[in-house]
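Open the model in your viewer with side chains available as sticks, and keep the selection panel at hand. The stops below take one region at a time, each beginning with what to select.

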Amino acid sequence: LHMGKTMKEDLTVVAKYIKQVYPPEFNVFSIYAELYHNYFASQAKKSAESHLEDKDIYLLLSWVHNIYPKDMRKDHVLAKELEKVTLGSLLPSSLSKDLEKKYLDSEEATIKNSLTRCLDKEIQRWKEDQEPEKLNGHFQSELLAIFVIQSIYSGQTRAKEISTSVGEELSHRLWKELPAFLKSYKDAFEDFKEKSKKNRYYKPTMIANINNCWNFRDYAEKNMSEKDNNKAIILSTLSDIENSVFDVLLQQLFAQLKPIYKKFTENKWDSSNEVMNEIIKATSKHISDFRTLKDPFYHAIIQKIHAHLVKEYIVRLLKRKVSLKSPAQQQTLAQHISKNAADLEAFCISNGSQATWLNAALPKLAEIIRLQDLGAIKIEVATLATIYPDIRKRHLEAFLHIKANLSRSELKSILGYLADSTASAVPEAPLFSNIHLS
């Protein structure tokens, strides 16, 4: 710092006052600049070849790549004069590269160790079984995500201040560390999930950790290239954690709903309105707990619930428990299904479900039951297959068991029409492909 300040101040005096008293051909400023530069460079080389602490390496590289070429040589008084002089770098390229490697290795190891210690502290917090803090009504365990992201961001920023290339290299290395860290986080979390089910704050801790994933996901989405394979690994790991938590949160609800759904077929759908009310009431109690999820995860879990409620309803329709020969009986069942579908849709939408693609399934099935004209039934089946291209013959055949007044030839004709109308590809949001008939 002293040499840099002295060189800058002295060359300023040379530029402003001394060079004017010499003939131009003496190139006085150039001679002074070269002498000062050569001495400065020799001292920098001497320092670089000695044993340096990490902070000293960082400071020396900052001088070589940043402070010396930018702050000193671009000074408004000196820049014009220094453009006429060939001074070169403070350090030979090979020596500079050696220092950069030492710095990068050290910074990578420091950040890696720091992340490991942070994860250990987070695991310890889980074991202490205390209720996570809330922020804006959402359980959070954000110290981990904040610390990890800040550690990586700070390391990248420091490296960029040395040079763009050093910054890019450290970023590349740290992008590899983040997937490894998240893998360790996932493994530790899975271990906690399996061994700590009796903890008092088990579910809040689950929710806090899924909320945690949002910070990592948001950071990766905004800062990593789509072509970067590390990004895909990170997002995949986060999805695994998220889905694992969803399974835990929904397990109790789905188990509670199973015997309620059986009542549809046990009562031949005669009390379907009461059964649907019971389903909605049971689901409502669980949804209140999910409000502590961050909005993206709350909407995701509501969509999973919505899909499950619709799917399980369809499963009961496909159980071959009801067979109606009378068009009047079919009309009554269709009305029950339509009413249940409307209640289910209203409930899910009011609780924030954005899965509007599910809303057509039950009304379309109700319409197929209601219709008696073969041509009209075929049109409705084709429409259903267009909306839900993953429906298969086995699904439709089981469903049409309800319409006992169809002849064998009529049934075959409808099923054949489905085969011609159904795409082979499974859609991004499957419904019928998740229904496996026993």
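A disulfide is taken here to be a pair of cysteine sulfur atoms within 2.5 Å, and the coordinates to which that cut-off is applied are those of a predicted model.

**Stop one: two cysteines.** Select C118 and C213 and display the sulfur atoms. The sulfur of C118 has its closest cysteine sulfur in C213, and the 14 Å between them is too far for a bond; seen from the other end, the closest cysteine sulfur to that of C213 belongs to C118, again at 14 Å. By the cut-off just given, the count comes to 0 disulfides. C118 counts as buried, with 9% relative accessibility, and C213 is buried as well, with a relative accessible area of 0%.

**Stop two: helix α1.** Next select residues 2-18, which make up helix α1, and colour its buried residues, namely G4, M7, L11, T12, V14 and A15. These cover an arc of only 160 degrees around the axis, which means that they lie on the same side of α1. An α-helix has 3.6 residues a turn, so residues three or four places apart point the same way. Rotate the view to the other side of α1, where H2, K5 and Y17 are exposed. What do the buried residues of α1 pack against? Adding residues 28-48, 54-72 and 79-82 to the display brings in the partners, which are α2, α3 and α4 respectively.

**Stop three: T237 in helix α9.** Move to residues 229-266, the span of helix α9, and pick out T237 within that helix. Is T237 buried or exposed? With 9% relative accessibility, T237 counts as buried. A polar atom of the T237 side chain lies 2.9 Å from the backbone oxygen of I233, a distance that can be checked directly in the viewer. Leaving aside residues up to four places away in sequence, T237 touches L182, K183 and K186.

**Stop four: the nonpolar core.** Finally, select F216, I314 and F399, the residues with the most contacts inside the largest nonpolar core, which has 135 residues. Helix α9 contributes the largest share of this core, 14 residues. Centre the view on F216 and expand the selection to its contacts: not counting residues up to four places away in sequence, F216 touches A145, V148, I149, L178, F181, L182, Y185 and L238. L182 in that list also appears among the contacts of T237, and keeping L182 selected therefore links this stop to the previous one.

Notes: Residues are numbered from 1 along each chain as its sequence is written. This is a predicted model: local features need pLDDT of at least 70, side-chain atom pairs count only at pLDDT 80 or more; totals for chains, interfaces and linings use all residues. Side-chain values use heavy atoms; hydrogens and water are left out. Buried means under 20% relative accessible area, exposed over 50%, partly exposed in between (1.4 Å probe, protein chains only). Helices (H or I, at least four residues) and strands (E, at least two) are DSSP runs, numbered from the N terminus. The arc is that of the directions from the helix axis to the C-beta atoms. Contact means heavy atoms within 4.5 Å. A polar contact is a pair of N or O atoms within 3.5 Å; within protein, one must be able to donate a hydrogen and the other to accept it, and residues adjacent in sequence count only if both atoms are side-chain atoms. A nonpolar core is a set of buried Ala, Val, Leu, Ile, Met, Phe, Trp, Tyr and Cys residues joined through side-chain atoms within 4.5 Å.
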